[in-house]
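Subject: Handover of a structure and summary of findings

Dear colleague,

Please find below the structure that I am handing over to you. A summary of what was found in it follows.

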Amino acid sequence: MSTAVAQSHVFGLRAAVKNNLLFLDEQTIIFPCGNNCVRYNIDTKQQKFIPGTERSQGMQALALSADRRYLAVSERVEKATISVVDLHQEQNRRRRVLTGGENPVEEFVCMAFSPDSKFLIGQAGGPDWTLFLWMWEKKKVLATVKTSNSGPVHQVSFNPQDNTQICVAGSGVFKIFSYAAESLKQLKTFKTDSHNFLCHTWLSAEQVLAGTQSGQLMLFESGRLRWEIGVTPVLRAASSSEERGADGSRSAPPQISSIVAYSNGFACSAGPGTVCLFERTENEEHYRRSKDIEVPPGAFTSGSSISDQQEISSLVLSPSEETLVASTDLGQLYSIHLSLVELHKTARVEFEFLSQSFHHNIITGLSTCIRKPLIATSSLDCSVRIWNFETHVLEMTKEFPEEAYSVALHPSGLYVLVGFSDKLRLMTLLMDDMTVFKEFPIRSCRECTFSHGGHLFAAVNGNVIILFSTTTLEDVRSLKGHNEKVRGVVFSADDSRLVSCGMDGAVYEWNTLSGALETDSVLKTSSYTGVAVSPDGKTFFAVATDCALREIQDCQILREMPSGDVVCTTVAVSRSGRAIFMGTSAGSVRVVRYPLPIQNQWLEFQAHAAPVTKMVITFDEQFLLSVSEDASLFIWRIIDQEEQGLKREKELIYSEETLITKSELEEKNKLILELSRRVEELEEDKKSQLSLQQAEYRKKIAELSETFLQQITSLNHDKEVLKKEKHTQRGAHAAALLEISKKQQKELEDIESANIQKLMLEYEKYQELHEKLHRIEREHEQQLRRSEESKSRELTEMMEAYEAKLEEKLTLLKQCQSESQQRVREFEEYIRQQEEDADSEILQIASKYEFNLRAEKEDNSRLKVELQTRTKQFQELQRDIESRNLENEKLKQELHKLQAVIRSLEGDIQGLKITIQGRDGIIQNKEKDIIQLKKENNVLKKKEEVTNYQTEHMQEQIEPKQKEIEELNEQIQEMKGELEEFLKSNTQLELNIAELSLKLKAKDKEMHRESVKAQSTGVLLQRFRADLLKCVESIQEPKKLKESVRELHKCYAQPSDTGEKEPEDPDTLQEHSRQREHYEKIISTLKNQLSRDAKIFQASKLKLMKEHVALSKELSALREELQSCRSSINARAGRTDWKHESGRTTKLPPLL
């Protein structure tokens, strides 16, 4: 079963790629990492990969089409290429590969798609700086033009509303080209020699905004500079003093390296770590600076404030313009929601990391542990980072003032060993920090590793390997044997052996218990860069700079596997021993089956864009980890032929414990106590507030109930009034409709009678014109017959003349044929005579050469016999010479060995003499020290007796203290329980507050309704008073008074008014509210019906008006048709002469 790898997750960003950040959709971004493009989902944190071209020397630029379907990738292979990838297909198939054709192009520095995604432009690099325009689907170069003479070009783009306009910006270059007549011509010229344009964007079809290195924003519109402003740098409090020079002057202005436009304005970089938002003003021609977004200062913690120094290299907006994402020249990704920016009150806002912070320099160290799913990496960016390869999260990062050259994780995952330029430090991994536990005086330690059991760790100091004990932290032993720097150190599976390789071409196996050198393999013609040990510990695999993988066992090189023209930089072996993984200088990962095949066979996977520095396999053999000089970390999943993960022998359970210091624990306990006190205070405040609010709510409820009753009565009266108004309006509308319909009928009858009379007159005129047309046609036919007869006579005469000429030509042709046949017969006779002479000469020559051939054959046979005898003699002499040479070489080798032994023995003798002299001096010093120590020992014995007495006294005092500590711990547990109860009650109180607030809102609405009802009742009372005064006028007439009182009773009296008022309860109030809602619905339906009736009346009126307009249009159309008929008849009468000449007659259709 063969083993392979598949990319699982990557950490890193290639900052050198132009336009290295793209939005595919609202949740997915594309960015380059290594030799791949990564499709990263912001919500799910998942990644998909678009692999680069094999043997690629690195990506140069990216471009995304306007419809977000195609991705263009500029790469260097053998020559500069642009690959167009279809992102809608599952495998991201490459649609086309574009090149410069016959033009020699080393790289394409920037690209852009047209708005309809049919065309692609690519700017070639120096020294020619040629701009190419492709119709990329057909791989056809439409046009080329030289855009610059010397300076670099930074960005090219299409006009978003015109495929034929292209803008080019660079150092001293700002040009707009137009594609026409298969060439690119410069449309507009600008005086830009003194500016270095780093970026630009189109604000509209006529406006282009450009940013310069000197911090200037320039708006060009219709071929002229509209306005120019300078972007002032943002001074932070920590670095404002550093930004001033020694003479008090300010530093250089910030460069504008990226601009992106959106609907309300644009965003641009404004110096290190800052992005400015500009919004369009009411004038719509000017922009104002609204917000500044800064990189968070906590991203880096080194003394030089690296976060303030990183430049924004790319800005991109999501399709909905909700999210702004930025990339920096230090390979970091940041994002922010623009809606949050608008809500923020201050003028400055900070970015957030899009995923995690990445390394931005060469990664020098890589390690993993057994008990936790952690990865440790060290880099020349002075940082050490801890990653989780299962959750794909950055667990911890720590910045240091020195560069980190190597890193090793303890198998427990609780300690980390880091080699710095000044010292080797053993650090403890806490919950959110790394603290130095022990420092060792080893400078620039390039290799360090823990044993599998964790009881030992090895560190390299130049060409010496030092073993330390993890428990005592002391130097156990030093392993000396390498002549040059050690490049690889690895423990065997049982930690009994240590294998090392170095630049001196040596691979040594050491015994970790005794420190003795057990086996060695030296090949001075090569320099080893990495070594790995098989699971059984008997076989070693080493890679060297001479492009080879060597299998070493028992001091012998069993097999050597060439790696082609690529140098292998590191090697790792799976725990099962079935596969070997190699990292190359080209950045790829190779998988070789073990035992090594006879032929050079391997699987190669594109990964990094620079040499692989380290490679590690996790303990469960599920993941392969690789890091590179391009500052990227790749996590590969190890799979089999069926693309499934390897089966585990047993399930590995990772530990979850973390370390924490005592001081941090005490601070957290204090914080818990303070929070519990605050909870008690808040509970008391809320109780008092609730009691006051309840009293206020009761008063408001009583007031609202009274107002609601008054509103119900007023609404009933309004309903009756509206009903009466509706009946009156219906009658008025019906009468108006009848009048309008009668008027329209009369007007229609008048129009129809007038139109009929006009049509009769026009028809009579048409009959007269039709008769005139027939007469003209007959005349034309007579003229055509005459012309046909004259043409037939001329044709017969021409035929007779041409037939006479043809007979003359035929007689000449017969004469020529007879002459040619005579010449052919003469030529055949001449050829026959020449062939007879040649045959006779051939016979003579053949007889002569046959005689010579027989003589030569006899001589050859004789010489063959002599040659065989001579060759036998020569072979015997050759064998003797080879045997003598072998003996000479053996003697020379023995001589060299003996000389080397003599030299080594002489060196050993001299070394032993020196050591003997040194040891004699040491022995004398030791004897003096022993005498001194004996004296000190006697003094210490006396002190020991005193300390024993003191310890007994202290133990008696410690016992009551321990009892007090236990009691305090019990009190702490009880307080924790009380705190949980307080939290539960607090949450219940919050829920009660929410319910009461909802009730309060409902009561406010009811109060508003009751106030409206009170106003309506006031109006009702005024009406009642007026009606009552009218009744009082007829007080002398009892009958009239009685009728008026009855009408008042009908209008204003309610059934409830006649009886006694009962105390109101919630049910009656609910019934009143239900009736009010019912009446409101009835009133709304009546209003809707009234509006519908009005609309119907208006529609009928409009319909009649439209019919009137249609009839008038019909009448005008008939008049125009009549005029056109007259003009066509006149035109046909004028074309009669032309018809006689053409010899054709056209029959005109009868006019209707």
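UniProt positions are given in the numbering used here, feature names are shortened, and annotations may be inferred rather than shown by experiment. With that in mind, the UniProt record, an unreviewed entry, places the feature "domain: EML-like second beta-propeller" at residues 364-638. Please note also that this is a predicted model.

Annotated regions

Over residues 364-638 the chain is 57% strand and 0% helix, and the C-alpha atoms at the two ends are 23 Å apart. The UniProt annotation "repeat: WD", again from an unreviewed entry, covers residues 356-397, 479-520 and 605-638. In the span 356-397, strand accounts for 55% and helix for 0%, with the end C-alpha atoms 10 Å apart. The span 605-638 is 56% strand and 0% helix, and its end C-alpha atoms lie 12 Å apart.

The chain as a whole

The protein chain contains 7 helices and 57 strands. Its radius of gyration is 51 Å, well over the 32 Å that the globule rule gives for 1152 residues, so the chain is more spread out than a compact globule. Along the principal axes, the C-alpha atoms fill a box of roughly 155 × 150 × 70 Å. Of the 1152 residues, 37% count as buried. The chain exposes about 71,000 Å², and carbon and sulfur atoms supply 52% of that area. Among contacts between residues at least 6 apart in sequence, 48% join residues at least 24 apart.

Salt bridges

Side chains of opposite charge can pair when their charged atoms come close. A search of the whole structure finds 17 salt bridges, and three of the pairs are described here.

The side chains of Asp-86 and Arg-69 meet in a salt bridge, at 3.1 Å from N to O. Asp-86 belongs to strand S8 (residues 80-86), while Arg-69 lies in the loop between strand S6 (59-64) and strand S7 (70-76), so this pair ties together parts that are 17 residues apart in sequence. Asp-86 is buried, because its relative accessible area is 0%. Arg-69, at 29% relative accessibility, counts as partly exposed.

A salt bridge also joins the side chains of Arg-425 and Glu-439, with 3.0 Å from N to O. This pair links distant parts of the chain, Arg-425 being in strand S37 and Glu-439 in strand S38, 14 residues apart. The relative accessible area of Arg-425 is 10%, so Arg-425 is buried. Glu-439, with a value of 34%, is partly exposed. Both residues belong to a network of salt bridges that links Glu-402, Asp-422, Lys-423, Arg-425 and Glu-439.

In the third pair, Asp-546 forms a salt bridge with Arg-550, and the closest N and O atoms are 2.4 Å apart. Asp-546 is partly exposed at 31% relative accessibility, whereas Arg-550 is buried at 2%.

A nonpolar surface patch

Met-431, Ile-660 and Leu-665 form a nonpolar patch on the surface, and together they have about 250 Å² of accessible area. Met-431 is located in the loop between strand S37 (424-429) and strand S38 (434-440). With a relative accessible area of 39%, Met-431 is partly exposed.

Two further residues

Gln-207 lies in strand S19 (residues 207-212). Is Gln-207 buried or exposed? Gln-207 is buried, because its relative accessible area is 15% and buried means under 20%. Leaving aside neighbours within four places in sequence, Gln-207 is in contact with Thr-201, Trp-202, Leu-219, Phe-220, Glu-221 and Arg-226.

Glu-964 is found in helix H3, which covers residues 662-1033. This residue is partly exposed, with a relative accessible area of 43%. From Glu-964 to Leu-989 the distance is 37 Å, C-alpha to C-alpha, and the two residues are 25 apart in sequence.

With kind regards

Definitions and conventions
Residues are numbered from 1 along each chain as its sequence is written. This is a predicted model: local features need pLDDT of at least 70, side-chain atom pairs count only at pLDDT 80 or more; totals for chains, interfaces and linings use all residues. Side-chain values use heavy atoms; hydrogens and water are left out. Patches are made of residues with over 30% relative accessible area and no salt bridge: like charges are joined within 9 Å, nonpolar side chains (Val, Leu, Ile, Met, Phe, Trp, Tyr) within 5 Å. Accessible areas come from the Shrake-Rupley method with a 1.4 Å probe; for residues, only the protein chains shown count as cover. A salt bridge is a side-chain nitrogen of Lys or Arg within 4 Å of a carboxyl oxygen of Asp or Glu. Helices (H or I, at least four residues) and strands (E, at least two) are DSSP runs, numbered from the N terminus. Buried means under 20% relative accessible area, exposed over 50%, partly exposed in between (1.4 Å probe, protein chains only). The radius of gyration is taken over C-alpha atoms; the globule rule is 2.2 Å times the number of residues to the power 0.38. Contact means heavy atoms within 4.5 Å.
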